[in-house]
Amino acid sequence: MGYVLLSGAIAAEVAATTAMKYSEGFSRLWPSVITVTGYLIAFALLAQTLKTVQVGTAYAIWAGVGTAVIAGIGILFLGEAMTLARIGGIVLVIGGVVLLNLGGAH
């Protein structure tokens, strides 16, 4: 169940971060509301996740997957450049999460 909650936390954080892009510095109401609500949900779900998943594992997955997904959204939907450096960074983030999990973080 912990990983289901963690997936929800990641989805909420990704939605909140994406909405933040459209909030124009919190000057637009609905994207700003979605941003704040998304982060509240993300942290609440992450807190529930930590009841059953070790903090190092949960945070590594939350931060790593969230970062990789947001970078992908930027490239695919927001017109950000897909450079070798950016792709390499995403691969390193995912690799870091995998190594933490293989290294006995859980």
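Which residues is Glu13 in contact with, leaving aside its neighbours within four places in sequence? The points below take up this question and then the rest of the predicted model.

1. **Contacts of Glu13.** Glu13 has its place in helix 1, which covers residues 2–22. Once its neighbours within four places in sequence are set aside, Glu13 is in contact with Gly38, Tyr39, Ala42, Trp62 and Gly66. Of these partners, Trp62 and Gly66 are among the helix 3 residues that meet helix 1.

2. **Charge of Glu13.** Glu13 is buried and yet takes part in no salt bridge. The nearest side chain of opposite charge belongs to Lys21, and it is 15 Å away. A salt bridge is counted only within 4 Å, so the pair Glu13 and Lys21, at 15 Å, does not qualify.

3. **Overall composition.** The chain contains four helices and zero strands. Followed along the sequence, its pattern is α-α-α-α. The C-alpha atoms fill a box of roughly 45 × 35 × 15 Å along the principal axes. The chain has 106 residues, and 33% of them count as buried. Among contacts in the chain with a separation of 6 or more, 64% come from residues 24 or more positions apart.

4. **Helix 1 and helix 2.** Two packed helices are described by the angle between their axes and the distance between the axes. For helix 1 and helix 2 (residues 29–49), the angle is about 160 degrees and the axes are 7 Å apart. The two helices are therefore roughly antiparallel to each other. Their crossing is left-handed.

5. **Helix 1 and helix 3.** The axes of helix 1 and helix 3 lie 9 Å apart, and the helices pack at an angle of about 40 degrees. This angle makes helix 1 oblique to helix 3. The crossing in this case is right-handed. On the helix 1 side the contact involves Tyr3, Leu6, Ala9, Ile10, Glu13, Val14, Thr17 and Thr18. These meet Thr57, Ala58, Ile61, Trp62, Val65, Gly66, Val69, Ile70 and Ile73 in helix 3.

6. **Ile10 within that contact.** Ile10 also lies in helix 1. With a relative accessible area of 10%, Ile10 is buried. Apart from its neighbours within four places in sequence, Ile10 is in contact with Ile61, Trp62, Val65 and Gly66. The C-alpha atoms of Ile10 and Gly66 are separated by 5.8 Å, although the two residues are 56 residues apart along the chain. Trp62 and Gly66 are in contact with Ile10, and Glu13 is in contact with Trp62 and Gly66 as well.

7. **Helix 3 and helix 4.** Helix 3 (residues 55–77) and helix 4 (residues 84–102) have axes that come within 9 Å and cross at roughly 160 degrees. That makes helix 3 roughly antiparallel to helix 4. The crossing is left-handed. Helix 3 contributes Thr57, Ala60, Ile61, Gly64, Thr67, Ala68, Ala71 and Ile75 to the contact. Helix 4 contributes Arg86, Ile90, Val93, Ile94, Val97, Leu100 and Asn101. Thr57 and Ile61 appear in this contact, and they are also listed in the contact of helix 3 with helix 1.

8. **The salt bridge.** Side chains of opposite charge can pair when their charged atoms come close. The structure holds one salt bridge. Arg86 forms it with Glu80, and the closest N and O atoms are 3.4 Å apart. Arg86 is partly exposed, its relative accessible area being 33%. Glu80 also counts as partly exposed, at 36% relative accessibility. Arg86 is, in addition, one of the helix 4 residues in contact with helix 3.

9. **Backbone of the loop between helix 1 and helix 2.** Most residues other than glycine have a negative phi. Glu24 is not a glycine, yet its phi is positive, at about 50 degrees. Glu24 is found in the loop between helix 1 and helix 2, and at 53% relative accessibility it counts as exposed. Phe26 is found in the loop between helix 1 and helix 2 too. Phe26 has a positive phi of about 65 degrees, and it is not a glycine either. At 48% relative accessibility, Phe26 counts as partly exposed.

Conventions. Residues numbered from 1 in each chain as written. Predicted model: local features only at pLDDT ≥ 70, side-chain atom pairs only at ≥ 80, totals over all residues. Heavy atoms only, no water. Buried < 20%, exposed > 50% of the residue type's maximum accessible area, 1.4 Å probe, protein only. Lys, Arg positive; Asp, Glu negative; His and termini not counted. Contact = heavy atoms within 4.5 Å. Axes fitted to C-alpha atoms, helices over the stretch in contact; angles between N-to-C directions. Parallel < 35°, antiparallel > 145°, perpendicular 65-115°, else oblique. Left-handed = near helix turned anticlockwise from the far one by under 90°.
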